[in-house]
Amino acid sequence: MKKMPAFSLPWRRRLENPSQMESSATPFYAMWDAVARLAQEIRASEFTTEMIRRRDTYGSEGVMGALDCATLYGLTRWLRPMVLVESGGFIGMSSAFILKALADEKLATSKLYSIELSEDCEQGALIPDELRSSGGFVPMRGRIEDFLKGDQLPRSIDMFLHDSSHSYQHMLWEFRQFWPRLRDGGLLVSHDVQMNAAFPEFVTKTYAHEKKTGRRDVQRTSHYEWGRWGYLGFAIKKG
């Protein structure tokens, strides 16, 4: 599989000790540390203080909280994605932290396709002007089903964030639609994974197990790693 120069397997670039590559799980020790450090940095920043002020001024109902935003920022910076899709972009709290991560990594050509169904909200209202005007924010108003049917979304992406309808059926549907579009090493991220069994059930389906030991079959399992911090769940696609 051909890999993107700026995207492919970021944990391999960031390991300080090559001997850490000895097992399939070991590379992600560095990943967890990196995401935690980046999340802590943004959580203590003036950017987060300003975004919380904007959120509270506009109204915080239905908006991602600070811990989840910081985790999302850390994951985005760690991955360094070029093509991202988010469902349920709403007034832009999650969008702002994704765009901030892309800006801090100097990924000037990255694109965030942000889908919002509701006509009653001001899509992306919380996003600071300097991030909105960078050219990386692509707002899309309508049903995600229609955008997929109309072939209006990239067929190959690096990161997908679910934050639209949190019904069990719809969450599973979105995971199943976008997982095949993710490149090797790409991230599937979901907000509010505590609301039903869709995320753990989906992750379970990406596992394959050895018959004798009952342990994970590394060759047949279709993810590298998965986890949950706060109300965010994520899985790293194995091509």
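The points below go through some helices, cysteines and aromatic rings of this predicted model.

1. Helix H4 covers residues 66-79, and its length can be checked: at 1.5 Å a residue, its 14 residues should span 20 Å, and the C-alpha atoms at its ends are indeed 20 Å apart, so the two values agree. Of these 14 residues, 13 are buried, so H4 is largely enclosed by the rest of the structure. The helix is followed by Arg-80, whose phi is positive, near 55°.

2. Ser-95 lies in helix H5, which runs over residues 93-104. Is this serine buried or exposed? With a relative accessible area of 0%, Ser-95 falls under the 20% cut-off and therefore counts as buried. If residues up to four places away in sequence are left aside, Ser-95 touches Glu-86, Gly-89, Leu-112, Ser-114, Ile-127 and Phe-137.

3. In helix H8, residues 168-178, the buried residues are His-170, Met-171, Leu-172, Glu-174, Phe-175 and Phe-178. What covers the buried residues of H8 includes strands S1 (83-87), S4 (157-162) and S5 (182-191), together with helices H7 (144-149) and H9 (198-205).

4. On the cysteines, a search of the whole structure finds 0 disulfides. Cys-69 is buried, its relative accessible area being 0%, and Cys-121, at 9% relative accessibility, counts as buried as well.

5. The same kind of search, made for aromatic rings, finds 9 aromatic pairs in the whole structure. One of them joins Trp-32 and Phe-234, whose ring centres are 5.6 Å apart and whose planes stand at 55°, so this pair is tilted. The pair links distant parts of the chain, since Trp-32 belongs to helix H2 (residues 27-43) and Phe-234 to strand S7 (residues 232-237), 202 residues apart. Trp-32 is partly exposed, with a relative accessible area of 23%, whereas Phe-234 is buried, with a value of 2%.

6. Phe-47 and Phe-97 form an aromatic pair that is edge-to-face, with 5.1 Å from centre to centre and 80° between the planes. This pair, too, links distant parts of the chain, with Phe-47 in helix H3 (residues 46-58) and Phe-97 in helix H5, 50 residues apart. Both Phe-47 and Phe-97 are buried.

7. Which residues form one aromatic cluster? The members are Phe-175, Trp-179, Phe-199, Phe-202 and Trp-226, and one of them, Phe-175, is also among the buried residues of helix H8.

Key: Residues numbered from 1 in each chain as written. Predicted model: local features only at pLDDT ≥ 70, side-chain atom pairs only at ≥ 80, totals over all residues. Heavy atoms only, no water. Helix = DSSP H or I, 4+ residues; strand = E, 2+ residues; numbered from the N terminus. Buried < 20%, exposed > 50% of the residue type's maximum accessible area, 1.4 Å probe, protein only. Contact = heavy atoms within 4.5 Å. Expected span 1.5 Å × (residues − 1). Disulfide = S-S within 2.5 Å. Phe/Tyr/Trp six-rings, centres within 6.5 Å; stacked < 30°, edge-to-face > 60°.
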